[in-house]
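Here are my notes for anyone opening this one for the first time. They come as numbered points, so you can follow along with the model on screen.

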Amino acid sequence: MSDGAVTASYDKLAQDAADGVLPRPQKICTECTVPGSLFSLNPDGGPRNADLVLGIPSQGTAATYRWFMDNPWIRDRERNYRDTFLLQVLDRFGAQYGEARMAELWAFIAVQECEIVCLDDDIADDALAPPVLDNFGQRTDDRMGFRIQRNFRFAGGKLYYLTFTSVTWEHSPRIEYEDPDGQSGISMPFSWNTPKGLFPVDVAVQHLAREFEQAKANVRIWEAIKGFFEVAVSLLAFVPVAGEVALGARGAMAGVRYLFVAVDRALAIDALGDGTSRMITGEGLSIGEKFFETFAALANPETAEARAKQVFMSINLAMLTPSAFGAARWIMREVGGKAVKLDVKMLNEADLKRLGGHKNGQGTALEAVIDTRDQTLGGTRVRVRQRYSTDTNKSQTVVEAEAARADFAVINNSARERTALQIHLIGSARKGKSLHNVVGDAGEEILAAQLVRHWGVKPDNILGYALKSGGVSRFGLKNKSNHGLDMLVRVPPPPEMLIRVPSAEGRHRIEGLRDVSQQQKVVFNEETLIVMEVKTTLGKSETPGLLEKTQGKGGEDNTERILANVKRKGRWWKREKVLELDPLAMEKVAMLDRAKESGNIQYVHAQVFLNSEGKINTLVGHGVGQGSGIQLNNWPRM
């Protein structure tokens, strides 16, 4: 099997696992077995067994969160720095202060229900009152700007940060507007100019550490979280599995030995169903005041038992997620369809008693799931799945973002990476929207390049495409919050195009995974303008959906809405700001008006698929060309 096919099979299995539609094994006699989870610890390039069945790409070539800062499609380095700033700070914070401090930071944010707010977003939305920045620096001589000197401030139940070094503002008349979700409102009496300068990450790390120490001085974190552990359920025993384990139709993988961690049956019934939020205790799992130190001590396990304890400690950490952020639970997913034989001869009498005399186990893999709540304008409701590798010290973070530009699944090679992403995705007010933007930006660059390569489109006909090396593309018609029309393409070429007319079930998935779509041939006049809505996914086989209130009304209605906002100079569409971002914006508006008047306009919903390694998924390409990673669909009212 080719490397591309292997990667694609990982992506398909991972998506099926996220959807809860893995191939169902034959029923195991639950009364004859004790439920539990399997663990092994193998290096990169070493044998895999359960991870292959689960679709977790743990071999060592999968994309990690480093991909967000270093991928071949980053054109706007300044924007990428801002989008990944929080992740960079958290990564260096963990590297400098260790896993214990990192876990303690998340626990503090969780128990204080302290959302992380990026002030750049509020400035882009003209929603930030200028006096807020008095806490971050000094005003300019004219009192209409700020020179930033400090970063990361806990205040009013929030943790605020910014990515710039200076910014100015001006008074502005209040106007009525329509927000990105289609709701009406009235703007604030001021307007922010584009922030300048890049705040140094290393300095921000020091500021975060200092601010955290001051903020937690009056809060005993353990006292705040110990109530979570008062209802903890104990693990039963750690038992080696006798012999090799055959999973699914593949049989046993030579050289893989598993440890079985038996779990209380009452707890397992919930965990095998919809999941449970109960905490877990057991031998070697501290739920006392040494919780964070114990978590750090297990960060780099050398045995399967230590790995198992690390996973359960990580689950406990995730279960601290407050209801204000979302609903957290952990799940046991059955692996294979056969009971595993336990090596009970190694157990003492007490362990044998806890196993209830059972000599066989029901093997499962563990997963933590957090369904977040979106309480912020411009934010995104996401489901974050933490899938723990059964064969390595890795995990996979899978993000399903409702109607976002993009979503992703990446591998975490360490507990620190996993905790950093957890804080970023669950603790931030906009639920990791900046990372979705990184994937979305890559998707648009890929789409443009593949339209040129596979479809024969002239680069000049992709409006806003930066042709010079190092240039920044300004695709479509967008505002500073990245709302608008994703891509505008003039014809010629091509004179015609074959697109999918998918079912509701199959629209967002790779063609053929759920059903086979009908096809439609679209014929273009020479001056046709194609309006594209672009959705991208990394490491998955399904892109985010269309926002019901706007994109879901179809390409024609969505285009009318954006044009109306531009012409009304709405809150996010003030002409001077739109032109500052894209000097050709009003030419694009005129081109759209002419296309609508002449009827030479078409609307397309485009999807871009990246595989689990962060590369173009060459097994996708319906409508543009096989290997392009692109799917093109019609875009009607849903």
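1. Start with Asp122, which is buried: its relative accessible area is 18%, and the cut-off for buried is under 20%. Keep in mind that this is a predicted model. Asp122 belongs to helix 5, residues 119-124. Setting aside residues up to four places away in sequence, Asp122 touches Val117, Ala127, Leu128 and Arg430.

2. Arg430 turns up again in a salt bridge. Its side chain meets that of Asp125, at 2.9 Å from N to O. Asp125 sits in the loop between helix 5 and strand 3, while Arg430 sits in the loop between helix 12 (415-427) and helix 13, so the pair ties together parts 305 residues apart in sequence. Are these two buried or exposed? Both Asp125 and Arg430 are buried.

3. Now for helix 13, residues 433-455. How does its length compare with what 23 residues should span? At 1.5 Å a residue the expected span is 33 Å, and the end C-alpha atoms are 31 Å apart, which agrees. Of the 23 residues in helix 13, 18 are buried, so the helix is largely enclosed by the rest of the structure. Right after helix 13 comes Gly456, with a positive phi near 75°.

4. Val439 is a good residue to look at inside helix 13. Val439 is buried, with a relative accessible area of 0%. Not counting neighbours within four places in sequence, Val439 is in contact with Trp67, Phe68, Ala406, Asp407, Phe408, Thr536, Thr537 and Leu538. Take Thr537 from that list: Val439 and Thr537 are 98 residues apart in sequence, yet their C-alpha atoms are 7.1 Å apart in space.

5. Helix 13 also carries a charged contact. The side chains of Asp441 and Arg79 form a salt bridge, 3.0 Å from N to O. This pair links distant parts of the chain, with Arg79 in helix 3 (residues 77-83) and Asp441 in helix 13, 362 residues apart. Arg79 counts as partly exposed, at 23% relative accessibility, and Asp441 counts as partly exposed at 23% too. Neither stands alone: Arg79, Asp83, Arg405, Asp441, Glu444 and Lys478 are linked in a network of salt bridges.

6. How many salt bridges does the structure hold? The count is 45. As general background, side chains of opposite charge can pair when their charged atoms come close. Another one to find is Lys521 with Glu496, where the closest N and O atoms are 3.7 Å apart. Lys521 is in strand 24 (residues 518-523) and Glu496 in strand 23 (residues 496-501), 25 residues apart, and the pair links distant parts of the chain. Lys521 is exposed, with a relative accessible area of 53%, whereas Glu496 is partly exposed at 38%.

7. On to the strands. An open sheet is built from four of them in the order 3-4-7-10, with antiparallel pairing. Which strands sit at the edges? Strand 3 (137-139) and strand 10 (190-192) do, each pairing on one side only. From one strand to the next, the twist averages 25°. Within this sheet, strand 4 (residues 145-148) and strand 7 (residues 166-171) pair antiparallel over three bridges. Gly145, for example, has Thr168 in strand 7 as its bridge partner.

8. Strand 6, residues 158-161, deserves its own look. In a regular strand the side chains alternate between the two faces of the sheet. Strand 6 has Leu159 and Tyr161 on a covered face, and Lys158 and Tyr160 on an uncovered one. Strand 6 pairs with strand 2 (residues 115-118) in the parallel sense, over four bridges; there, Ile116 stands opposite Leu159.

9. Strand 6 also pairs with strand 5 (residues 153-155), and here the two run antiparallel, joined by three bridges. Arg153 has Tyr160 of strand 6 as its bridge partner. Which residue in the hairpin of strand 5 and strand 6 takes a positive phi? That is Gly156, near 60°, in a hairpin that has two residues between the strands.

Technical notes. Residues are numbered from 1 along each chain as its sequence is written. This is a predicted model: local features need pLDDT of at least 70, side-chain atom pairs count only at pLDDT 80 or more; totals for chains, interfaces and linings use all residues. Side-chain values use heavy atoms; hydrogens and water are left out. Buried means under 20% relative accessible area, exposed over 50%, partly exposed in between (1.4 Å probe, protein chains only). Contact means heavy atoms within 4.5 Å. The expected span of a helix is 1.5 Å times one less than its number of residues. Two strands pair if DSSP finds at least two bridges between them. Axes are lines fitted to C-alpha atoms, for helices over the stretch in contact, and angles run from 0 to 180 degrees between N-to-C directions. A salt bridge is a side-chain nitrogen of Lys or Arg within 4 Å of a carboxyl oxygen of Asp or Glu.
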